[in-house]
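Visitor: Could you take me on a close look at one part of this protein? I am new to reading structures, so please go step by step.

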Amino acid sequence: MNITDLIPYIAPTVVLLLILGAAIKILPEYERGVVFFLGRFQGVKGPGLIIVIPGIQQIVRVDLRVIVLDVPSQDVISKDNVTVHVNAVLYFRVVDPERAIIRVEDFGSATSQLAQTTLRSVLGKHDLDEMLSERDKLNSDIQEIIDSQTEEWGIKVANVEIKHVDLNESMIRAIARQAEAERERRAKVIHAEGELQASKKLVEAAEVMSRNSGAMQLRYMQTLADMSNTNSSTIVFPLPLEMMSTFMGKSSTKTSPEPEAPKNDNDDS
């Protein structure tokens with residue numbers, strides 16, 4: 001058989017191979033194929049080997065893995081009228097390929113736009129302090145809102161995380177002053193509580209020493225012993241208050257004027 005005899009069979013063979021190449025589809029484990037028959041939904045197939053009739057059937061691949069979506073930075077005005085720049089990250093996956101393809105044109109873009117608007121609306125209902133200190137609660141609220149709206153599209157939102165909350169320089173300085181004032185307030189409160197506890201202990205010690213006169217003398221001796229251990233040339237000797245009161249009483253007695261003698265009426269006569 002000559003080569004010229006095979007020429008009529010080459011064209012049909014090539015066409016058949018092209019048709020088989022277009023008809024055979026291999027989907028990995030993490031993908032599903034949404035098949036349409038003459039424009040109508042036929043079913044979801046995969047993974048593995050799939051035969052699709054070219055020109056009659058169409059297949060759209062859908063990735064079932066978790067998709068990481070970076071939400072661009074959004075200008076948010078908080079409840080206390082503070083402008084901040086907030087960006088976040090969104091984790092979602094397709095759980096129903098049929099609805100993800102049929103009910104929304106581009107589920108990735110739609111989810112991104114929904115995440116941006118939800119981020120602005122939710123954070124705008126909270127104060128700046130709540131944005132900085134209660135991120136877990138805000139993440140949970142944003143996730144629930146987005147998940148409830150994307151459920152119709154066959155998409156499950158796994159997690160939402162707020163990455164950065166950027167403030168301008170003036171607001172950063174104001175927060176720093178506020179934090180410094182808060183620390184000073186706490187320091188004053190702690191100092192006042194310490195003074196209160198110390199005063200109570202001093203009152204208890206005074207009551208114990210007042211029950212025994214020798215306790216005060218022992219305290220005096222202990223104070224002198226502590227002072228003698230230092231290298232100071234000045235010694236302060238504590239003087240009992242009772243002795244001072246005695247001296248003050250004697251001095252007041254000496255300086256007080258003598259009472260005048262009463263006059264006798266007989267002297268006038």
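Guide: Happy to; we will look at the paired strands β6, β7 and β8 and what surrounds them, and then make two short side trips.

Please keep in mind that this is a predicted model. Here is the setting. The protein has 269 residues, of which 22% count as buried. Its secondary structure comes to nine helices and eight strands. Now take the contacts between residues at least 6 apart in sequence: 61% of them join residues at least 24 apart.

Let's begin with strand β6, which covers residues 67-77, and strand β7, which covers residues 83-94. These two strands run antiparallel and are joined by nine bridges. Together they make a hairpin with five residues between the strands. Look for N81 in this hairpin, where the residue takes a positive phi near 60°.

Strand β7 has another partner as well. It pairs with strand β8, residues 155-166, in the antiparallel sense over 10 bridges. To see one matched position, find N87 and look across to H164 in β8, which stands opposite.

Now let's stop at a single residue, Q74, whose place is in strand β6. Its bridge partner in β7 is V86. Is Q74 buried or exposed? Its relative accessibility is 7%, and buried means under 20%, so Q74 counts as buried. What does Q74 touch, once we leave aside its neighbours within four places in sequence? The list is V84, H85, V86, Q116, L119 and R120. R120 deserves a second glance: its side chain makes a polar contact with the side chain of Q74, at 2.2 Å.

L119 brings us to the next stop, since this contact of Q74 also helps to line a cavity. A search of the whole structure finds one cavity of 30 Å³ or more, and the largest cavity has a volume of about 30 Å³. Around it you will find V71, A88, L90, A115, L119, I142, I146 and V160. Which elements each supply at least two residues of this lining? They are β7, α3 (107-123) and α5 (135-150). So that you can place this in the picture, β7 is the strand we have already met between its two pairings, with β6 and with β8.

Next, let's turn to charged side chains. Side chains of opposite charge can pair when their charged atoms come close. The structure holds eight salt bridges. One of them joins K163 and D70, with the closest N and O atoms 3.4 Å apart. This pair links distant parts of the chain: K163 lies in strand β8 and D70 in strand β6, 93 residues apart. K163 is partly exposed, with a relative accessible area of 36%, and D70 is partly exposed too, at 47%.

Another salt bridge is formed by the side chains of D147 and K156, at 2.9 Å from N to O. Here the two partners fall into separate classes. D147 is buried, with a relative accessible area of 16%, while K156 is partly exposed, at 36%.

For our first side trip, move to helix α6, residues 169-210. Both R186 and E182 lie in this helix, four residues apart, which is about one turn of the helix. Their side chains meet in a salt bridge of 3.2 Å, N to O. E182 counts as partly exposed, at 29% relative accessibility. There is also a third member here: salt bridges that share partners join E182, R185 and R186 into one network.

Our second side trip goes to P54, found in the loop between β4 (48-51) and β5 (57-63). At 39% relative accessibility, P54 counts as partly exposed. Where in sequence and in space is G21 relative to P54? The two are 33 residues apart in sequence and 9.7 Å apart in space, C-alpha to C-alpha. Leaving aside neighbours within four places in sequence, P54 is in contact with I19, A22 and A23.

To go over the main part once more, trace β6 to β7 through their nine bridges, then go from β7 to β8 through their 10 bridges. Finish on Q74, and see its side chain in polar contact with that of R120.

Definitions and conventions:
Residues numbered from 1 in each chain as written. Predicted model: local features only at pLDDT ≥ 70, side-chain atom pairs only at ≥ 80, totals over all residues. Heavy atoms only, no water. Pairing = 2+ DSSP bridges. Salt bridge = Lys/Arg side-chain N within 4 Å of Asp/Glu carboxyl O. Buried < 20%, exposed > 50% of the residue type's maximum accessible area, 1.4 Å probe, protein only. Polar contact = N/O pair within 3.5 Å; in protein donor to acceptor, adjacent residues only side chain to side chain. Contact = heavy atoms within 4.5 Å. 1 Å grid on protein atoms, 1.4 Å probe; cavity = no way out; pocket = protein on both sides within 12 Å on 5 of 7 lines; lining within 4 Å. Points joined across faces, edges and corners; volume = space filled by probe spheres on them.
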